[in-house]
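Good morning, everyone. Please take a moment with the sequence and the model before I walk you through them.

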Amino acid sequence: MLEAVLEHDKALFLWLNQLGSPTWDAFWLLITNKWSAIPLYLFLAFLAYKNLGLKRILWLLVAIVLLILTTDQLANFFKFGVQRLRPCYDPQVSPLLRLVKSSCGGKFGYFSAHAGNSFALAYFFTYLFGKQYRYLGIFLIVWAIMVAYSRIYIGVHYPLDVLSGMAFGGVLSWIFVRLYLKFVAIIPHSKKG
């Protein structure tokens, strides 16, 4: 059963990966680059400051750092525990894929930390501000989907790696936002700090 799922995952990966073209490569390399999201992070920090004040935003930053650290470390734990080869290291798949970037990354790819982190952030801010800012959640989820898909497009993760990362990011985000809300409930609210 598991072997059949993994074979379908490889076939889906090759189909999605081969949809790419040199015309779009630079765009997807930009989307997958973690530094390209800095303007988004700055916007989210501004939004948080505007709505939460200085004390609460400092605790928010602590929560986000811990969320990303947890997601990253859990991804590493699974990568070395499961030891599923990335597509470029899989002898069955590597001759057929389009590897868009110059290197493939580490040997193992389950699950995608990029997908996990982007979905963790997207869900976290959607939980916090989605009711106040109607389209923020939609925008963040679309951004996270694009980051997740970019990992398939550039040839470094299978769809199952990405979907698992999305799920782990969502679950961890739900846990961390609940802890954050419980903790900040004891901090007096003041937009000036």
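A residue counts as buried here when its relative accessible area is under 20%, as exposed when it is over 50%, and as partly exposed in between, with a 1.4 Å probe and protein chains only. By that definition, 46% of the 193 residues of the protein chain are buried. Please keep in mind that this is a predicted model, in which local features need pLDDT of at least 70 and side-chain atom pairs count only at pLDDT 80 or more, while totals for chains, interfaces and linings use all residues. Residues are numbered from 1 along each chain as its sequence is written, and side-chain values use heavy atoms, with hydrogens and water left out.

The chain has seven helices and zero strands, where helices are DSSP runs of H or I with at least four residues, strands are runs of E with at least two, and numbering starts at the N terminus.

Turning to the interior, the largest nonpolar core has 48 residues, and L60, F124, F125, F129 and Y180 have the most contacts inside it. Such a core is a set of buried Ala, Val, Leu, Ile, Met, Phe, Trp, Tyr and Cys residues joined through side-chain atoms within 4.5 Å. Each of the helices from α1 (2–17) to α7 (159–184) supplies at least two residues of this core, and the largest share, nine residues, comes from α5.

Which residues does F125 contact, leaving aside its neighbours within four places in sequence? They are L44, L60, I64, G130, L136 and L140, with contact meaning heavy atoms within 4.5 Å.
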